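Me: I am new to protein structures and would like to learn how to read one. Could we go through it together, feature by feature?

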Amino acid sequence: MKVKRWKLISFLLPCLLLFGLIYLIPMGIVFGSSFFEWKAGGIFRFIGLENYINAFLYDVRMKTAIKNTIIWVLLQCVIHVGLGTVIAFLLARRLRGWKVLRTIYMIPNVVSAAALGVIFLNVFNAKYGLLNSFITQITGEPFTKNWFFEQNSAFFTVTLTWLLYSGLIVILVLAGIMSIPEDVVEAARIDGASNMQVNLRIRLPLIRTVMGTSVILAATSKLREFELIYLTTNGGPGDKTLNLPLYLYKASMMDNNYGYANMMGVVLIIAGVIVVYCINQLFRMNEGDY
């Protein structure tokens, strides 16, 4: 039965209107205002590419934020996803208690960022933190390192608040492994393949698109990471842990420089599109697994 065009339009129109109001119009405002000097107090003046030129040529904080963001995205894509994949392959062997371990490992991913921030502030506290207390017990001497607020440890400490907790990646990869037809694995075993060969040459290639999805989620999560950094170090000490979303927040809410902040929003949008495109090409996401 042929559906009339006006019926299709009537069904799609509410969704298109909502998409336009919530995403397209605000995004257009962000792109447009990035070419203006827009500050609190009524200043709204067209300046062309001046915001972009100042950001990439003269703004040291912007360069630091971009560098930190790139490092965190790479660490997240390699170590975070890699660790989650290894754990997923171990859980796929279905050893005793594997369901319990899967649930326990997922807990940090369902706890709010605010709660995690408070937990890590207490764990790494200089006076009564769990880590310093443990080191004090081991060495027998008082250890009061301020992990979040010292130049040589702040970046590493903030990174640890999310890098090792890849519960979502574990669930995705584990689901991908379990979706592989058992007869494919059995055929490889009959041909004499070892467990390592089955994992590396059969299962891993067959979950290529799942791995690509995991890397996309990991990369985009770091492009928009804000809460944990804001709650733990607020970008400090100095700008040691500053990233693009946090710098955008400071430019808009603290400096009231909305044009400059929207320029950073445009940079983040473009970076996200480039990252997703590159990952899609790398993992050949538009091709089938079989």
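Reply: Happy to! Let's begin with disulfides. A disulfide is a covalent bond that joins the sulfur atoms of two cysteines. In this predicted model, with a cut-off of 2.5 Å between the sulfur atoms, the count of disulfides is zero.

Me: How far is the sulfur of Cys 77 from the closest cysteine sulfur?

Reply: The closest cysteine sulfur belongs to Cys 278, and at 11 Å from the sulfur of Cys 77 it is too far for a bond.

Me: Are Cys 77 and Cys 15 buried or exposed?

Reply: Here the cut-offs help: a residue is buried under 20% relative accessible area, exposed over 50%, and partly exposed in between. Cys 77 has 19%, so it is buried. Cys 15 has 53%, so it is exposed.

Me: How much of the chain is buried?

Reply: Of the 290 residues in the chain, 38% are buried. You can also look at the surface itself: the accessible surface of the chain is about 17300 Å², and carbon and sulfur atoms account for 68% of it.

Me: Before we go on, where is confidence lowest and where is it highest?

Reply: Take the whole chain to begin with: its mean pLDDT is 90, and 98% of its residues reach 70 or more. Confidence is lowest in helix 4, residues 98-110, with a mean of 82. Helix 3, residues 60-91, has the highest, at 95.

Me: What does the secondary structure of the chain come to?

Reply: There are 14 helices and two strands.

Me: Is the chain compact or spread out?

Reply: One way to judge is to compare its radius of gyration with a rule for globules. For 290 residues the globule rule gives 19 Å, but the radius of gyration of this chain is 24 Å, well over that value, so the chain is more spread out than a compact globule. You can also picture a box: along the principal axes, the C-alpha atoms fill roughly 80 × 75 × 30 Å.

Me: How do contacts relate to sequence here?

Reply: Take the contacts between residues at least 6 apart in sequence. In this chain, 67% of them join residues at least 24 apart.

Me: Now a single helix, please. Which residues of helix 5 are buried?

Reply: Helix 5 covers residues 113-123, and its buried residues are Leu 116, Gly 117 and Phe 120. These residues span an arc of only 100 degrees around the axis, which means that they lie on the same side of helix 5.

Me: What do the buried residues of helix 5 pack against?

Reply: They pack against helix 4, helix 7 (154-160) and helix 12 (227-232). Another residue to look at in helix 5 is Ala 115. Ala 115 is partly exposed, at 30% relative accessibility. Its C-alpha atom is 9.7 Å from that of Leu 231, although 116 residues separate the two along the chain.

Me: Can we try the same reading on another helix?

Reply: Sure, let's take Val 100, in helix 4. Val 100 is exposed, with 52% relative accessibility. Along the chain, Val 100 and Met 254 are 154 residues apart, and 45 Å lies between their C-alpha atoms. You can do this in helix 14 (residues 258-282) too, where Ile 274 is found. Ile 274 is partly exposed, at 47% relative accessibility.

Me: What should I look for in the backbone?

Reply: Two general habits are useful: most residues other than glycine have a negative phi, and most peptide bonds are trans. Now look at Arg 94, whose phi is near 55 degrees, a positive value in a residue that is not glycine. Arg 94 sits in the loop between helix 3 and helix 4, and at 51% relative accessibility it is exposed.

Me: Where is Asn 234, and what is its phi?

Reply: Asn 234 is in the loop between helix 12 and helix 13. It is not a glycine either, yet its phi is positive, about 55 degrees. With a relative accessible area of 29%, Asn 234 is partly exposed.

Me: Is the peptide bond from Gly 236 to Pro 237 cis or trans?

Reply: That bond is cis, with omega near -5 degrees. Pro 237 is in the loop between helix 12 and helix 13 (244-254).

How values were computed. Residues numbered from 1 in each chain as written. Predicted model: local features only at pLDDT ≥ 70, side-chain atom pairs only at ≥ 80, totals over all residues. Heavy atoms only, no water. pLDDT = per-residue confidence, 0-100. Helix = DSSP H or I, 4+ residues; strand = E, 2+ residues; numbered from the N terminus. Buried < 20%, exposed > 50% of the residue type's maximum accessible area, 1.4 Å probe, protein only. Arc of directions from axis to C-beta. Contact = heavy atoms within 4.5 Å. Rg over C-alpha atoms; globule rule 2.2 N^0.38 Å. Areas by Shrake-Rupley, 256 points an atom, 1.4 Å probe, with all protein chains shown as cover.
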